[in-house]
Amino acid sequence: MKKFISALLAAAMAAALSCVFVSAKETNIALHKPWSGIEVPTNEGANAYTGDFTDGVYAAEGDAFSYKEPWFTFYCNDQNDSSWTNLTDRVGRVDIELGDAGTGITKVRMQVAPEIGGAEYIKVYADDKEIGAMTYEGTDIQWIELALDGPIDAETISVEIKITDMFFMVSEIEVIAETADDSSAPEDSSTPPTADAGTAAAVIAGLAALFVSAVLIKKKA
Ligand SMILES: [Ca+2]
């Protein structure tokens, strides 16, 4: 009987914990947020790259590179004249304005196309503080990411790129935050933020009571 109850409790706890786990949802909080810090190059040939970093449009799996949007180019044609580059000393930076939405950030992701040109570095900043770097492998179109050790808050996430060649192509930047997966919950302050953990605790408490009752019944018998 004890073994059975222990197994039941363990199963209940696992179920309760997985309930808490499932309730955390990854959301791209950068989607449709404004960005600034770099502009489409004016130079003909480079000015076709009018991609938007936060419009949710990027290359699909297996797509070949397209010489236009969804790509935005970090560009320098060996001159610092403004018509020949949108960088300063081959370095460009985009600031994504998250504002109040910038909480619980766990990852920064970016789709790149290194076959068109490489990057010496790709650094990530949260409110102007460097928080890490991203790297790519090979030359395929790929998603790269910086996964943080723990969630952080930031009103602005910036990506700074130093290019090695003439172009470096980026289609989309995502800022991933973990949010509670309960869109129906009212967003007022009376909603306890630990509702799911509370539910789990109630389930565990209920089963613990069941266990005590079972032991008592067994003793009586
Ligand atoms: Ca895009």
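Reader: Is aspartate 127 buried, partly exposed or exposed in this model?
Author: The model is predicted. Aspartate 127 has 14 other C-beta atoms within 10 Å. A residue counts as buried at 20 or more and as exposed at 12 or fewer. Because its count falls in between, aspartate 127 is partly exposed.

Reader: Where does aspartate 127 lie, and what is its phi?
Author: Aspartate 127 sits in the loop between β6 (119-126) and β7 (129-133). Most residues other than glycine have a negative phi. Aspartate 127 is not a glycine, yet its phi is positive, at about 45°.

Reader: Which residue in the loop between β3 and β4 should I check for phi, and what is the value?
Author: The loop between β3 and β4 (91-97) holds arginine 90. This residue is not glycine, but its phi is positive. For arginine 90, phi is near 70°.

Reader: Is arginine 90 buried, partly exposed or exposed?
Author: Around arginine 90, 19 other C-beta atoms lie within 10 Å. The cut-off for buried is 20 or more, and for exposed 12 or fewer. Arginine 90 meets neither, so the residue is partly exposed.

Reader: Which kind of peptide bond joins glutamate 69 and proline 70, cis or trans?
Author: Most peptide bonds are trans. Proline 70 is in the loop between β2 (35-36) and β3 (72-75). Omega between glutamate 69 and proline 70 is about 15°. The bond is cis.

Reader: Which strands are at the edges of the five-stranded open sheet?
Author: The order is β2-β4-β9-β6-β7, with antiparallel pairing. An edge strand here pairs on one side only. The edge strands are β2 and β7.

Reader: How many bridges join β6 to β7?
Author: Strands of a sheet pair through backbone hydrogen bonds, either parallel or antiparallel. β6 and β7 run antiparallel. The number of bridges joining them is four.

Reader: Which residue stands opposite valine 124?
Author: The partner belongs to β7. This residue is partly exposed, with 15 other C-beta atoms within 10 Å. The residue opposite valine 124 is glycine 132.

Reader: Leaving aside neighbours within four places in sequence, what is glycine 132 in contact with?
Author: Glycine 132 is found in strand β7. Contact requires C-beta atoms, placed from the backbone, within 7 Å. With neighbours within four places in sequence set aside, the contacts of glycine 132 are Val124 and Leu146.

Reader: What is the C-alpha to C-alpha distance between glycine 132 and alanine 147?
Author: In sequence, glycine 132 and alanine 147 are 15 residues apart. In space, C-alpha to C-alpha, they are apart by 8.8 Å.

Note on methods:
Residues are numbered from 1 along each chain as its sequence is written. This is a predicted model: local features need pLDDT of at least 70, side-chain atom pairs count only at pLDDT 80 or more; totals for chains, interfaces and linings use all residues. Helices (H or I, at least four residues) and strands (E, at least two) are DSSP runs, numbered from the N terminus. Two strands pair if DSSP finds at least two bridges between them. Two residues are in contact if their C-beta atoms, placed from the backbone, lie within 7 Å.
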